[in-house]
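User: I am new to this structure and would like to understand the reasoning behind the labels that are put on its parts. Could you show it and take me through them?

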Amino acid sequence: MTEAYCIRVHETGGPEVLKREPLELTDPGAGQVRVRVHAIGLNFIDTYNRSGLYPMPLPFIPGREMAGVVDAVGEGVNDWKPGDRVGFVGLRAYATHVTAPAGQLIALPDEVSFETAAAMLLKGLTAWMLLFEIRRASPGDTALVWAPVGGVGSLLVPWATSLGVKVIGVTSTEEKAALARKAGAAHVILRGAGDVAGQVRELTGGAGVDVAYDSVGKASADASLASLKPRGWWISFGNASGAVEPIAPGRFGQLGSLNVTRPSLFHFISDAASLARGTAALYGALRTGTISPLIEQTFPLEQAGEAHSLLESGRTTGTTLLLP
Ligand code: NDP
């Protein structure tokens, strides 16, 4: 068996602070399960934890999404047994082994590979949160989607389109624009061409969009707000370009009584019933072929730093996996 190891952060900073270290294997405690990890999904939040934008107590093992096989269970655990295939959205995923509360594990159907699960559990549940839990997407809606072919975007766009939502994507290159169209976007705007909101008004006959799914943050906030219909929704769910500057609430009134929310997935899957509801929706969308994760980059876990650099460069499409 390969030596058990993890990636640990002792001080926040650039990708170089991600250090490979031995992992001491301990038996799971009461109510806990230990999982032998097969694949880990890379998420932008991992870079925020590493850099300190979203602080974590130091030292810490980063990572929020993985899939693998149960290899030990603690006292009182009846729902899982060694050999079960599971996925996980939680903490400390950058490791060969993760010990987690039994209630946080997600059963993997036979047809869902470890790679697929690690590529889409956190990102797919985020798309589910955006489309069903915050504000139910309806046929005829128009939506602005930033980073439409990124990890979350490549699941959000086809899922939204399948619900009858007309998607306007905003991306950086012609290559990404072509992929967004292929995934279902009705129109794609290149953000480098300027005046995103003006182009949105043109494409919607002056009306604007019902909702802006905004994962870019600092660089996209103004354009999102200026693209909305009166009483539209600005769903600011990420900071790929940096944290959004403070905005006075009065501005949302002036722009048309806008609805504004800054959701975090972890508040939407914090109990077993919500996690089960989200997972059922996600597996349903996967089974019907509505969504399928695009695994475009794969790195050995010990090269997590290189993977972070590439994700932060904005050049990736789809999902990046780390393999222990
Ligand atoms: P992505 O794969 O979407 O990568 C980020 C993308 O953002 C880039 O590929 C790029 O796409 C775009 N981008 C725009 N400006 C920049 C910039 N200055 N630097 C880097 N990228 C930029 O990442 P993920 O799918 O992992 O995450 C997407 C976003 O969703 C993140 O902000 C993440 O934090 C957020 N998120 C939030 C959750 C929540 O609960 N609130 C849960 C999961 C994710 P393009 O070239 O198309 O512009």
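Analyst: What follows is a set of questions and answers about a predicted model, each setting a computed value against the cut-off that applies.

User: What makes the contact between Asp 84 and Lys 81 a salt bridge?

Analyst: The closest N and O atoms of Asp 84 and Lys 81 are 2.9 Å apart, and the cut-off for a side-chain nitrogen of Lys or Arg and a carboxyl oxygen of Asp or Glu is within 4 Å, so the pair counts as a salt bridge. A search of the whole structure finds 13 salt bridges.

User: Why is Asp 84 called buried?

Analyst: Asp 84 has a relative accessibility of 16%, and buried means under 20%, so the label applies to Asp 84.

User: What is the distance that makes Glu 133 and Arg 277 a salt bridge, and where do the two residues lie?

Analyst: The closest N and O atoms of Glu 133 and Arg 277 are 2.7 Å apart, which again has to be set against the limit of 4 Å. This pair links distant parts of the chain, with Glu 133 in helix 2 and Arg 277 in helix 8, 144 residues apart.

User: How do you know whether Glu 133 and Arg 277 are buried, partly exposed or exposed?

Analyst: Partly exposed covers the range between the limits of 20% and 50%; Glu 133, at 27% relative accessibility, counts as partly exposed, and so does Arg 277, at 42%. In the salt bridge between Asp 141 and Arg 135, with 3.0 Å from N to O, both residues are buried.

User: What makes strand 5 largely enclosed, and which strands pair with it?

Analyst: In strand 5, which spans residues 85-89, 4 of the 5 residues are buried, so the strand is largely enclosed by the rest of the structure. Strand 4 runs antiparallel to strand 5 and is joined to it by 5 bridges, while strand 7 pairs with strand 5, also in the antiparallel sense, over 3 bridges; at least two bridges are needed for a pairing, so both count. As examples, Val 69 has Arg 85 as its bridge partner in strand 5, and Gly 87 has Ile 106 as its partner in strand 7.

User: How do you know that the buried residues of helix 5 line one face?

Analyst: The buried residues of helix 5 are Val 196, Ala 197 and Val 200. Seen down the helix axis, they fall within an arc of 95°, so they line one face of helix 5. Among the elements that cover these residues are strand 8, strand 9 and helix 6.

Conventions. Residues numbered from 1 in each chain as written. Predicted model: local features only at pLDDT ≥ 70, side-chain atom pairs only at ≥ 80, totals over all residues. Heavy atoms only, no water. Buried < 20%, exposed > 50% of the residue type's maximum accessible area, 1.4 Å probe, protein only. Helix = DSSP H or I, 4+ residues; strand = E, 2+ residues; numbered from the N terminus. Arc of directions from axis to C-beta. Contact = heavy atoms within 4.5 Å.
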